[in-house]
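Let's work through a few exercises on aromatic rings and the charges that sit over them. Have a look at the model first, then try each task before reading its solution.

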Amino acid sequence: MNAALQATRLSVLDRSLIRQGQDHSQALRDTVRFAREAESLGYHRFWVSEHHGVPGVAGSAPTVLAAAVAAATSRIRVGTGGVMLPNHQPLVVAEQFGVLESLYPGRIDMGLGRSVGFTGGIRRALGHDRRDAEEFGAQLDELLGYFTGGQKVYPGVHAFPAEGLRAPAYVLATGAGADVAAEHGLPLVIAAVGGEERMLQAIDRYRGHFRPSAWSPRPYVIVSAAVAVAETTELAGRLQMPEAWSIVHSRTRGSFPPLAPAGEILSSTMTARERALFEETWKGQVHGTEDEVEAALGSLVERSGAEEMLITMNTFDQDERLDSYRRLARLAHPAAGYPAVTVPAAPQAATP
């Protein structure tokens with residue numbers, strides 16, 4: 001058993017992806033159901049995401065969905081991966097998380113990103129543009145100030161019931177965001193979007209420039225990765241094909257479609273560019289048997305020094321998806337048996 005992996009928290013990121021023959025409402029109900037299953041398997045936290053105007057993604061209102069997840073569970077931490085702060089007014093975000101933390105004290109995570117809408121039309125509909133992402137640091141200051149009562153952008157303005165509460169804040173980053181996380185003394189959530197070397201460099205920079213804060217006394221790194229585990233390497237690889245193809249479709253045809261069965265994808269006709277992108281996307285994900293994934297994730301944890309792994313895996317068949325997460329949970333908690341493991345106690349609200 002890999003000691004590094006067993007010492008690392010495992011958490012879940014669910015983006016409420018739609019499957020062929022399914023509608024948005026079913027995808028959202030599936031997310032809530034899956035959160036209960038993740039809790040029973042002992043995962044540390046369950047996060048939902050924010051996407052606007054994407055046909056194949058139902059998760060457009062993460063704080064609303066997080067409320068539904070928190071209501072349906074009792075122990076697992078619940079949060080956002082994340083709320084895209086440039087799309088919102090910090091006052092409203094503070095109020096939303098203040099309500100969540102008031103209703104579910106000690107279980108709410110405030111994951112925050114700096115992305116804006118994917119298309120010009122969506123950005124205009126949201127009332128923002130690409131330049132707003134450059135104001136992420138200032139927005140973050142204002143948002144955190146509403147919790148401490150020390151925000152100075154709008155004197156005399158208070159965010160109730162957020163003021164005086166501590167919903168832990170996390171910064172989602174692919175590059176520059178790591179510097180923002182370090183400057184504000186917040187935990188970092190990062191993925192190897194631009195390659196693992198770039199990610200590791202950003203993590204090193206984050207740790208080297210981290211400023212302890214009331215929100216986090218020390219650096220805390222969560223590495224996000226797409227991971228599939230199955231009885232054989234081939235079966236695990238097939239699990240990741242539906243999302244890999246949807247990603248390629250969005251890059252080449254401009255829209256992220258509902259997930260299709262792997263067999264349908266393999267028998268479809270792709271252009272040379274689509275085929276190359278598909279193989280690149282698919283091979284860049286972690287998949288294999290339990291032994292293979294244990295070795296791969298253990299090595300990634302050792303290279304990155306991550307305190308936690310945020311796992312995402314979407315496939316067409318929901319039962320196969322759940323089986324993958326069960327197998328992964330067994331790797332992290334081998335003594336607890338299969339499929340259920342003991343859920344760790346939630347940490348204090350002021351710490352990751």
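A charge counts as sitting over a ring if NZ of Lys or CZ of Arg is within 6 Å of the ring centre and within 35 degrees of the ring normal. Keep in mind that this is a predicted model.

**Exercise 1.** Find which ring R166 lies over, and at what distance from the ring centre.

*Solution.* Start from R166 and look for the ring face beneath its charge: that ring belongs to W215. The distance to the ring centre is 4.8 Å. Another case is R321, which lies over the face of F34, at 4.0 Å from the ring centre.

**Exercise 2.** Work out how the rings of F34 and Y325 are arranged, and where the two residues sit.

*Solution.* Some background: the model has 6 aromatic pairs. In this one, the ring centres are 5.0 Å apart and the planes stand at 70°, over the cut-off of 60, so the pair is edge-to-face. Next, place the residues: F34 is in helix α2 (residues 24-40) and Y325 in helix α14 (residues 318-332), 291 residues apart. Both F34 and Y325 are buried.

**Exercise 3.** Do the same for W47 and Y170.

*Solution.* Here the centres are 5.3 Å apart with the planes at 70°, so this pair is edge-to-face. W47 belongs to strand β2 (residues 45-48) and Y170 to strand β6 (residues 169-173), so the pair ties together parts 123 residues apart in sequence. W47 has 0% relative accessibility, so it counts as buried. Y170, at 0% relative accessibility, counts as buried.

**Exercise 4.** Which residues form one aromatic cluster with F34?

*Solution.* Go back to F34 and follow the rings: the cluster is made of F34, Y43, F46 and Y325.

Notes
Residues numbered from 1 in each chain as written. Predicted model: local features only at pLDDT ≥ 70, side-chain atom pairs only at ≥ 80, totals over all residues. Heavy atoms only, no water. Phe/Tyr/Trp six-rings, centres within 6.5 Å; stacked < 30°, edge-to-face > 60°. Helix = DSSP H or I, 4+ residues; strand = E, 2+ residues; numbered from the N terminus. Buried < 20%, exposed > 50% of the residue type's maximum accessible area, 1.4 Å probe, protein only.
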